[in-house]
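Got your viewer open? Load the model, colour it by secondary structure, and follow along one selection at a time.

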Amino acid sequence: TAGEMRGFLRQILASRLSRRYMRLNLFLARQVLKHARYLDLMTSDPSIDLAVKADKRREGPKANTVVIHTKEEVSAILEAARRLSARMKTWKRFHAIVHTMIHTGLRMSELRGLPVDALDLPGGTLRVYQRADAYGQIGPPKSAYGYRVIHLPAGLVSILSEWTGDRKTGLVFPTDSGRPINHENIANRVWRKVQVEADVTILNPHAARHFFASMLIDSGAKLKALQETMGHHDPMFTMKVYGHMFRDPEDVALRKEMAERMANILDLDED
């Protein structure tokens with residue numbers, strides 16, 4: 001009955017389970033009820049209005065927090081990529097991929113579909129104008145805001161110059177058949193492997209993009225510049241993802257001043 005299902009939900013909520021497993025328990029119960037209706041043992045769903053809501057006090061901030069590597073971890077990743085490229089011939093390409101991921105903030109689809117003619121290495125820039133989808137089909141960027149120019153550090157220019165050589169056409173990081181590399185191959189054979197080699201926190205490939213954004217913010221990038229560099233459609237989206245990383249020194253100083261002023265006022269009131 002509906003009353004029994006409400007009691008079941010109260011029992012779940014009173015448990016020490018995480019919200020994820022609370023939802024899983026409710027889902028499994030609903031599957032049983034669904035099968036009962038299929039067998040004509042029930043005519044309605046007594047759990048239809050029940051839900052395990054998020055605990056905003058514990059889950060809210062975590063859900064909105066971007067997890068990235070520390071600068072020390074990224075340095076270890078780059079060093080690990082160098083060691084692997086010295087040991088294995090296949091890692092010559094992967095070494096260039098890891099550096100490009102970290103120093104450009106490209107989406108994985110943009111990295112996989114990056115053409116050689118998008119590189120202006122003498123000018124130290126990279127132009128984003130196409131991407132490779134999950135099936136390896138080349139097409140335009142994710143949105144009109146995906147078209148952009150990214151400036152490259154000298155070290156990456158040197159690495160890409162060595163990797164591309166005299167090539168003028170094709171993809172920067174193709175497979176042996178000239179097709180875009182599979183996303184899972186980069187995620188597992190490249191990104192995960194180099195993290196294991198570096199003995200750092202294992203994060204998904206998108207963490208490299210988040211780290212790139214964090215370094216731009218640390219370097220003093222304003223919101224509009226960050227939005228354009230990341231290829232976001234809306235500065236509010238950029239703020240939603242990376243807003244917690246912005247630290248204005250003047251704002252921090254002002255907050256300290258306000259805190260001291262408040263403390264002084266309270267001290268006067270006590271006297």
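Start with the whole chain: of the contacts between residues at least 6 apart in sequence, 60% join residues at least 24 apart. Contact here means heavy atoms within 4.5 Å. Before you click further, know that this is a predicted model, where local features need pLDDT of at least 70 and side-chain atom pairs count only at pLDDT 80 or more, while totals for chains, interfaces and linings use all residues. Residues are numbered from 1 along each chain as its sequence is written, and side-chain values use heavy atoms, with hydrogens and water left out.

In the cartoon view you have 12 helices and 5 strands. These are DSSP runs numbered from the N terminus, helices being H or I with at least four residues and strands E with at least two. Buried residues make up 38% of the 271 residues in the chain. Buried means under 20% relative accessible area, exposed means over 50%, and partly exposed is in between, using a 1.4 Å probe and protein chains only.

**Stop one: the core**

Which residues have the most contacts inside the largest nonpolar core? Select I97, V98, I102 and V194; the core they belong to has 49 residues. Helix α5 gives the most to this core, with 7 residues. A nonpolar core is a set of buried Ala, Val, Leu, Ile, Met, Phe, Trp, Tyr and Cys residues joined through side-chain atoms within 4.5 Å. In soluble globular proteins, nonpolar side chains tend to be buried together.

Now show everything around V194. Leaving out residues up to four places away in sequence, V194 touches I77, A80, A81, L84, W91 and V98. Apart from the largest core lies another one, of 9 residues, with M5, L9, M22 and A29 among them.

**Stop two: α5 against α9**

Select residues 91-104 for α5 and 206-218 for α9; the two helices pack at an angle of about 45°, with their axes 6 Å apart. The axes are lines fitted to C-alpha atoms, for helices over the stretch in contact, and angles run from 0 to 180 degrees between N-to-C directions. So α5 and α9 are oblique to each other. On this scale, angles under 35 degrees count as roughly parallel, over 145 as roughly antiparallel, 65 to 115 as roughly perpendicular and the rest as oblique.

Turn on the side chains: M101, I102, H103 and T104 of α5 meet A208, F211 and F212 of α9. That contact between α5 and α9 divides into 5 nonpolar residues, 2 polar and no charged. Ala, Val, Leu, Ile, Met, Phe, Trp, Tyr, Cys and Pro count as nonpolar, Asp, Glu, Lys and Arg as charged, and the others, Gly among them, as polar.

Stay on α5 and pick F94. F94 is buried, at 5% relative accessibility, and it touches R189 and V190, not counting residues up to four places away in sequence. Then hop to H210 in α9. H210 is buried too, with a relative accessible area of 14%. Beyond its neighbours within four places in sequence, H210 is in contact with V66, V67, I68, V241 and Y242.

**Stop three: Q195**

Is Q195 buried or exposed? Select it in helix α8, residues 183-198: Q195 is buried, with a relative accessible area of 0%. Its side chain reaches the backbone oxygen of W191 at 3.2 Å and the backbone nitrogen of L203 at 2.8 Å. A polar contact is a pair of N or O atoms within 3.5 Å; within protein, one must be able to donate a hydrogen and the other to accept it, and residues adjacent in sequence count only if both atoms are side-chain atoms. Aside from residues up to four places away in sequence, Q195 touches H69, I77, V200, T201, I202 and L203.

**Last stop: three loop residues**

Jump to P115, in the loop between α6 (108-112) and β1 (119-120). P115 is buried, with a relative accessible area of 8%. Its contacts, not counting residues up to four places away in sequence, are Y129, Q130, G170, L171 and V172.

Next, pick D199, in the loop between α8 and α9. D199 has a positive phi of about 60° although it is not a glycine, and at 70% relative accessibility D199 counts as exposed. Finish at D40, in the loop between α2 (19-38) and α3 (60-63). D40 has a positive phi of about 65°, again without being a glycine, and is exposed, with a relative accessible area of 67%. Most residues other than glycine have a negative phi.
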